[in-house]
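Trainee: I should like to examine how the terms applied to this model are justified. May we begin with the chain as a whole and then turn to individual strands?

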Amino acid sequence: MMKIRIALLLLCFCMVAMAMTSPLPDDDQSPEAVERWFRYVRPFAKPKLTKLKFYYHENRVAATPTAVEVARANLTATSRTGFGSTYVIDDPLTVSPDPNSQVIGRAQGIYASASQEDFAFILQFNVVFTAGEFKGSTLSVMARDPITNTYREPSIVGGSGAFRLARGVISTHTYSLDPATLNVVVEYNVFVEHY
Ligand SMILES: *[C@@H]1O[C@H](CO)[C@@H](O)[C@H](O)[C@H]1NC(C)=O
């Protein structure tokens, strides 16, 4: 009886140790794997802070633009802030401000001019990592973006893969803006807590 108890204890201990030391199996998206992640992996894992830096490149006027206007209201044309103008984006994210530097992911989603007073947009997009340590994982961004501020702080409200249940803040800063084309490069400093 005693032996069985000790064996069981040892087994439990080993399972906990494995959960703490093995990389989280976050690439299986089946319901069984997701439940396993919630029940046995995450409770033993300690949330960690990951810092990432990359550059967002938006090009509205290229032959193949990365941001396209898909909707606007009649009053958008006369609004000082372009209120109602809505864009779909698929913008490359690179390791340096040089647009030809390595692409590590893409910002895919929607933004719209959502203020009649200020130049402020609603951002709703996913950061989709296509290279590097977080390839295949995503971060979900949902935020207000008052673009004339030196720094903005879009919130990370979730994610997938390595970023399941992620929460965080991105400190963004306009690195360069071409007034003629409105092409823009934005510096992203990501601070994200995840398991
Ligand atoms: C927008 O403008 C068009 C063209 O002038 C007009 O036909 C339409 O009724 C307007 N829509 C609204 C909601 O005012």
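**Surface, strands and pairing**

Mentor: In this predicted model, the protein chain exposes about 11,700 Å², of which carbon and sulfur atoms supply 59%.

Trainee: How many helices and strands does the secondary structure of the protein chain come to, and in what pattern?

Mentor: There are two helices and nine strands. Along the sequence, the pattern reads α-α-β-β-β-β-β-β-β-β-β.

Trainee: Why is strand S9 called largely enclosed by the rest of the structure?

Mentor: A residue is buried when its relative accessible area is under 20%. Eight of the eleven residues in S9, residues 184-194, are buried, and the strand is therefore largely enclosed. For the protein chain, buried residues make up 38% of its 195 residues.

Trainee: What makes S1 and S9 a pair of strands?

Mentor: Pairing requires at least two bridges between the strands. S1 (residues 48-58) and S9 have eleven bridges in the antiparallel sense, so the criterion of at least two is met. One of the bridge partnerships joins lysine 48 to histidine 194 in S9.

Trainee: How do you know that S8 also pairs with S9?

Mentor: Strand S8 (residues 167-177) runs antiparallel to S9 and is joined to it by ten bridges; since at least two are required, the two strands pair. Here glycine 168 has valine 192 of S9 as its bridge partner.

Trainee: Which residue takes a positive phi in the hairpin of S8 and S9?

Mentor: Leucine 182 does, with phi near 65°, in a hairpin that has six residues between its strands.

Methods. Residues numbered from 1 in each chain as written. Predicted model: local features only at pLDDT ≥ 70, side-chain atom pairs only at ≥ 80, totals over all residues. Heavy atoms only, no water. Buried < 20%, exposed > 50% of the residue type's maximum accessible area, 1.4 Å probe, protein only. Helix = DSSP H or I, 4+ residues; strand = E, 2+ residues; numbered from the N terminus. Areas by Shrake-Rupley, 256 points an atom, 1.4 Å probe, with all protein chains shown as cover.
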